[in-house]
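Here are a few exercises to work through with the structure open beside you. Try each task before reading its solution.

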Amino acid sequence: MSWIKSIFNESNFISYPNPGSIVFQYGTSGIRCKADYLDHVMHRMGMLVALRSMCLKSARVGLMITASHNAHEDNGVKLIDPQGEMLESSWEVLATELSNAIDDQHVSTVLTSLVSKYNIDSSYIPKVYVGRDTRYSGKKLLDAVIVGMKQFNSDFEDFGVITTPMLHFFVRCYNTNCLYGQPNEQSYFNKLTTAFKDMRNMCTDYKNYNTVIEFDGANGVGALKMKDALSYLDNTLIINMHNDEVSSSEKLNSKCGADFVKSNQCPPTGLSIKPNAKYISVDGDADRIIYFFVDESNKFYLLDGDRIATLVAGYVKEQIIASGLDVNIGLVQTAYSNGNSTNFVSNTLKVPVACVPTGVKHLHHKAQDYDIGVYFEANGHGTLIFKESIRNLIRKEASKQKDESKLIALKKLICIMDMTNETVGDAYSDMLIVETVLCERGWSLNDWYNTYADLPNRLMKVTVKDRNTFSTGDAERICIRPLGLQDKINSIVANYPMARSFVRPSGTEDVVRVYAEADTQVHADKLAVEVAAVIYDMADGVGKRPS
Ligand code: 16G
Ligand code: ZN
């Protein structure tokens with residue numbers, strides 16, 4: 001009998017039956033659905049994460065329980081690979097298969113074939129870090145994960161309630177022998193915030209820059225951890241907390257947080273809006289961040305992931321030039337990035353831009369092609385990554401550089417590196433970087449907003465009978481199936497100036513998404529509706545026809 005089968009035959013094996021009412025899919029953001037359906041999924045993910053570690057010869061891996069910006073009734077799970085990156089794709093397929101397996105017999109068959117495929121040796125001790133967001137359901141789901149991990153005698157550490165990016169950071173710390181930092185909250189805040197304060201000390205003239213931030217914590221873990229961060233920041237930033245009620249679970253992401261503000265293009269509820277004040281919203285697990293402000297006439301201005309990317313890429317490029325190093329930088333976006341941000345990056349910043357399909361792992365992967373890769377989704381999820389050799393080069397040059405201005409640029413690059421969580425998008429780290437660049441430039445949010453003008457745009461959803469009949473190509477910019485749809489989109493787009501539109505099946509909701517941009521808001525709105533109506537007609541639309 002295989003060693004896997006014998007685990008299932010032990011008298012103390014605890015069974016978590018699959019009620020069979022839902023089909024699960026491990027997508028770009030793991031598995032997510034109503035928390036009530038997740039017990040058996042969590043138990044199986046506990047076993048899978050243990051095997052992932054064993055397969056990697058006891059490297060430390062991570063498991064995060066979160067449903068990010070989803071409503072409070074939902075929950076989910078995401079696995080983290082040893083360098084703090086997303087789980088390898090071939091294992092995503094296994095996670096899907098395991099979650100849908102009908103009974104223990106089926107689970108043990110899937111695990112047995114996994115063990116033989118990867119030749120996993122039972123003598124490796126699995127090592128896992130686990131964490132969860134503030135959702136009420138998290139604790140119970142964690143218990144199921146622990147049962148699964150214990151069945152494989154895992155050595156695990158539970159970090160309790162933490163942000164998703166913190167867990168990614170801790171996993172990398174462990175596997176780099178702590179070269180990246182210590183795997184604990186204190187070291188995380190110390191590393192990032194010390195670099196931020198060092199850089200702040202180099203800034204002599206703040207001009208229009210304002211240190212006061214109105215912080216929308218989405219009533220989630222981002223608010224909790226920002227409170228912890230305050231003692232490290234030593235008043236370098238004045239952070240006024242809003243939407244920080246983590247004890248009332250149903251308030252999580254409710255009419256607040258980064259996803260709400262970005263999707264609805266309006267301020268969150270739960271805070272008063274003062275003209276020209278600086279607002280930040282994060283999402284329910286604090287891996288996304290967006291900025292916004294309103295002017296005296298109450299007009300709303302959003303500074304999203306595209307804006308953060310251009311701000312950061314432009315600044316880092318300047319420092320590279322000033323340092324005299326021969327280092328390349330590139331920016332990675334998705335089709336959702338505003339056309340004018342892409343033009344600005346290529347034509348004004350003269351930084352190469354790549355476009356990849358939606359989902360952080362695609363952006364992260366592409367960013368690795370550059371010495372320094374900056375990637376952001378328009379929704380505010382992103383970071384920058386440095387090649388190991390470039391990180392070492394910058395530090396080495398700084399240790400021997402005699403030229404004062406080159407040395408300053410190198411020191412600034414080191415600070416930026418040290419305040420970056422390179423493993424994944426991180427609202428806290430991203431905030432420190434944005435605040436640094438704004439301070440260095442002496443900019444208000446209005447100054448930042450005026451760097452270029454966004455093209456008016458509109459997002460829509462269409463519900464169809466089966467969104468799996470849709471497939472896309474060219475980084476989601478072309479719709480391949482249903483056949484003939486792209487031709488129709490092209491002819492509609494041709495009627496509007498500066499227009500662009502694309503459609504893709506959502507990975508997280510049962511809908512097809514439509515993006516449209518054009519010279520005016522009226523045109524963008526009309527374009528979106530026309531494209532949505534064509535989808536509805538060609539793909540068995542459900543509910544009301546878009547109008
Ligand atoms: C997930 C992705 C996010 C992406 C979004 C798209 C990660 C960690 N998260 O939240 O990057 O923008 O899905 O959702 O990869 P959609 O497929 O429903 O449009
Ligand atoms: Zn998130």
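**Exercise 1.** In this predicted model, find how helix α7 and helix α8 pack, and name the residues that meet.

*Solution.* Start with the axes: α7 (residues 185-202) and α8 (residues 221-233) lie with their axes 10 Å apart, at an angle of about 50 degrees. That angle makes α7 oblique to α8, because angles from 65 to 115 degrees count as roughly perpendicular and those under 35 as roughly parallel. Next comes the hand of the crossing, which is right-handed for α7 and α8. Now look at the side chains. From α7 come Glu185, Gln186, Phe189, Asn190, Thr193, Phe196 and Lys197, and from α8 come Lys225, Asp228, Ala229, Tyr232 and Leu233. Sorted by class, this contact holds five nonpolar, three polar and four charged residues.

**Exercise 2.** Do the same for α10 and α15: at what angle do their axes cross, and which residues make the contact?

*Solution.* The axes of α10 (residues 305-323) and α15 (residues 427-441) cross at roughly 60 degrees and come within 10 Å. Therefore α10 is oblique to α15. Their crossing is left-handed. On the α10 side, the contact uses Ile308, Leu311, Val312, Gly314, Tyr315 and Glu318; on the α15 side, it uses Ile433, Val434, Val437, Leu438, Glu440 and Arg441. The class count for α10 with α15 is eight nonpolar, one polar and three charged residues.

**Exercise 3.** Work out the strand order of the five-stranded open sheet, then find the helix that packs on this sheet.

*Solution.* Reading across, the order is β1-β3-β2-β4-β5, and the pairing is mixed. At the edges sit β1 (31-34) and β5 (155-161), each pairing on one side only. Neighbouring strands are turned by 15 degrees against each other on average, ignoring direction. Inside the sheet, β2 (residues 60-65) and β4 (residues 127-132) run parallel and are joined by six bridges. In this pair, Gly62 stands opposite Tyr129 of β4. The helix is α5 (residues 138-150), which touches β2, β3 (74-80), β4 and β5, and its direction makes about 170 degrees with that of β4.

**Exercise 4.** Locate Ser248 and decide: is Ser248 buried or exposed?

*Solution.* Look in the loop between β7 (238-242) and α9 (257-264), where Ser248 has its place. Its relative accessibility is 17%, so Ser248 counts as buried, the cut-off being under 20%. As a last step, check the distance to Thr134: the two residues are 114 apart along the chain, while their C-alpha atoms are separated by 9.6 Å.

How values were computed:
Residues numbered from 1 in each chain as written. Chains lettered and ligands numbered in written order. Predicted model: local features only at pLDDT ≥ 70, side-chain atom pairs only at ≥ 80, totals over all residues. Heavy atoms only, no water. Axes fitted to C-alpha atoms, helices over the stretch in contact; angles between N-to-C directions. Helix = DSSP H or I, 4+ residues; strand = E, 2+ residues; numbered from the N terminus. Parallel < 35°, antiparallel > 145°, perpendicular 65-115°, else oblique. Left-handed = near helix turned anticlockwise from the far one by under 90°. Contact = heavy atoms within 4.5 Å. Nonpolar A, V, L, I, M, F, W, Y, C, P; charged D, E, K, R; others polar. Pairing = 2+ DSSP bridges. Buried < 20%, exposed > 50% of the residue type's maximum accessible area, 1.4 Å probe, protein only.
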